[in-house]
Amino acid sequence: MKILLVEDEPELRRSIKQFLYEEGYVVESADDFAKATEKAADYDYDCVLVDITLPKGNGLDIVKQLKKNNSKAGIIIISAKNSLDDKITGLDLGADDYLPKPFHLSELNARIKALIRRRNFDGNQSINLNEITILPEERRVKVKNEEVSLTTKEYDLLLYFVSNKNRVVSKNSIAEHLMGDHADQADSHDFIYTHLKNLRKKLSEKGCKDYVQTIYGIGYNFKTEG
Amino acid sequence: MRLITKTTLLYFLISIPLLIFAFVYTFSVINEEITDGTDEGLYREKLNMQELIKNLDGARNIYLRSDSLTAIIVLPGKKKINSFSDTVVYDKLEEGELRYRVHRSYFFHNGTHYLISVCKPGMEEEELKEGLIYCFSIVFGLLLLSFFTLNILASRILWKPFRSTLKKLDAYDINAMSEIKFDPSSTKEFRQLNTSLDKMTQKIISDYRKQKEFTENASHELQTPLAVIKSKLDLLIQSKKLGSEELELLQGMENAVQKISALNKALLLLTKIENNQFKEQKEVNLHTLVNAAIVTYSDIYQGKGITSRTEFKGETILRMNPVLADLLISNLIQNAFRHNKENGEMRVELDPEKLVISNSGAALNISADELFERFKKNDGAKESLGLGLSIVKSIIDTYGFGIEYTYIQGQHRFTVKFN
């Protein structure tokens, strides 16, 4: 899987690159408009992450260029401007997703995975993880081929864990993922705890191993490896 | 006191001494002229009397009036007399005193000394005074009337540009960021006033715009470093070398960064609402929004065991920006869930005129007025950002709605009036 990252802030670029590299992606990066358009034209990518405000250009023009060249890459706009107009313009131009800064890397990771899944297999693909099978298109989960009935939030939580498996995901990032704009630190931890408790219960009832490890105060790790 | 009343009063005060002076002067002039005229008549009368004496057969007294004011009196000897004087005589017919002007003079004819006395009814000072007072009253009244009319006309016509300027200033809304177009005036002072006001408003607008842009830019600029910190923390917590102590430190940082992000986002949102950046307007069904918000927050706060009830009367469809409508409803409903007690209740009543959201909960320890101010929060809500109700207020202000808060019998109640 090849990803092009267009981001002018060097430290953020480094963080994203490192995180995605550890996920097993090949990450190319560009720090300005010219390099970005050059790379986007010369190579094929599975996914392109574009910052809107770039030195010497606008990230939206890169989206336009990719679409003009009939690129198959999925496009995620990452922007410091959480503006609805930018979002609508970006999505209208053909971008697949819009992620406002500041974001959690685990959130970015989950979005990239969902995007690649949708693009490559038209969504008709199941995620298999040991005894767990997730059918993303139908939002269904099976454990040892037995249906597990989950609420929306429980399903979202499981998919988020699976997307970030063997990674520590912070409680705050889970809260943001599940609650979106309604996230509020004061109340979110109880909320996550309740849903996690129910999810664990439902999975273990079907004989699923408890993969969720609590990482002291800060978050959880859905651990499927050693 | 109105300016016009003040000027009228001033003219009135000035006209009193002027009129008094005019009265005294006129009175004395008229008095003098009348006396001169009477005296001339008396002189001619005296000449007639002298002719009469010349035609007399012998020297004798002749009384032409019983009070001997008109008489020819034979004097025993020469007497130097030539006087004009005023006398008051009781008149039986008139039943009152009458004034007479009397001229006494000495005349010598045929060896006889005569005293000639002639009289004419004198001027009635009282009557003159009365007449004058009457005249002056009319003049004074007319003066007042004309001051008043003039002032009203002046205020209508001359002060018109001033009133128009005042009206425009009154109606001015700084948030609209538009310049005021003052009506042109031919009056120099008003032109100056308008020019000064023009300069002032332009300065205010430019400062206001700069300040708003600053808030927005500052918030945007903060997003990137926040994104860097967040991403570094995300990487750091992946490390396998961290012990519980380090993780505890990281958790503190993580939470603080999360809070800054949320604050920054809320401030940016407030600025955008105040800058009218949510332009799109369409028909929004509030029932749908209320129901959706209740579903969302019942889920989020399910641990609190809050029961919610809704009472909808009629369809409530408002023309609003959909994002702002959602923010308004969801902030108020979240508020009702968050500041509720365990196993408490919340109720939403919605009709086309108003939205009432009430919930059980302990009383506030800040005043109701402070509730909508930024960063004001109740002691019990330390973790809250203190911006939710400010966002609500700025949306309310954007649409000219009204909002009221009351706390009665353990119930917090927010009433939003749509008109």
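Trainee: Which B:Lys354 partner does the salt bridge at 3.2 Å, N to O, involve?

Mentor: A salt bridge here is a side-chain nitrogen of Lys or Arg within 4 Å of a carboxyl oxygen of Asp or Glu. B:Lys354 meets the side chain of B:Asp351, with 3.2 Å from N to O. One caution: this is a predicted model, where local features need pLDDT of at least 70 and side-chain atom pairs count only at pLDDT 80 or more, while totals for chains, interfaces and linings use all residues, and side-chain values use heavy atoms, with hydrogens and water left out. As for labels, residues are numbered from 1 along each chain as its sequence is written, and chains are lettered from A and ligands numbered from 1 in the order in which they are written.

Trainee: Is B:Asp351 buried or exposed?

Mentor: Go by relative accessible area: under 20% is buried, over 50% is exposed, and anything in between is partly exposed (1.4 Å probe, protein chains only). B:Asp351 has 12%, so it is buried. B:Lys354 comes in at 31%, which means partly exposed.

Trainee: How many salt bridges does the structure hold over all chains?

Mentor: There are 35 over all chains. One of them joins A:Arg14 to A:Glu11, with the closest N and O atoms 3.5 Å apart. Both residues sit in helix H1 (residues 10–22) of chain A, three residues apart, or about one turn of the helix. Helices are DSSP runs of H or I with at least four residues, strands are E runs with at least two, and both are numbered from the N terminus. A:Arg14 is exposed at 55%, while A:Glu11 is partly exposed at 29%.

Trainee: Which distant parts of the chain does the pair of A:Arg167 and A:Glu22 link?

Mentor: The A:Arg167 and A:Glu22 side chains form a salt bridge, 3.3 Å from N to O. A:Arg167 is in the loop between helix H6 (152–163) and strand S12 (168–170), and A:Glu22 is in helix H1 of chain A, 145 residues apart. A:Arg167 is buried, with just 6% relative accessibility, and A:Glu22 is partly exposed at 43%. These two also belong to a salt-bridge network with A:Glu23 and A:Lys113.

Trainee: At what angle do H4(B) and H5(B) pack?

Mentor: For packing, fit axis lines to C-alpha atoms over the stretch in contact, then take the angle, from 0 to 180 degrees, between N-to-C directions. Helix H4 (residues 188–236) of chain B packs on H5(B) at about 155°, with axes 9 Å apart. The two are therefore roughly antiparallel (over 145 degrees; under 35 is roughly parallel, 65 to 115 roughly perpendicular, and the rest oblique).

Trainee: Which residue has a positive phi of about 65° although it is not a glycine?

Mentor: That's A:Asn145. A:Asn145 lies in the loop between strand S10 (140–143) and strand S11 (146–148) of chain A, and is exposed at 69%. In chain B, B:Asn276 also has a positive phi, about 55°, without being a glycine. B:Asn276 sits in the loop between helix H5 (244–274) and strand S6 (282–285) of chain B, and is partly exposed at 37%.

Trainee: Where is the cis peptide bond with omega of about -5°?

Mentor: Look between A:Lys101 and A:Pro102. A:Pro102 is in the loop that runs between strand S7 (97–100) and helix H5 (105–121) of chain A.
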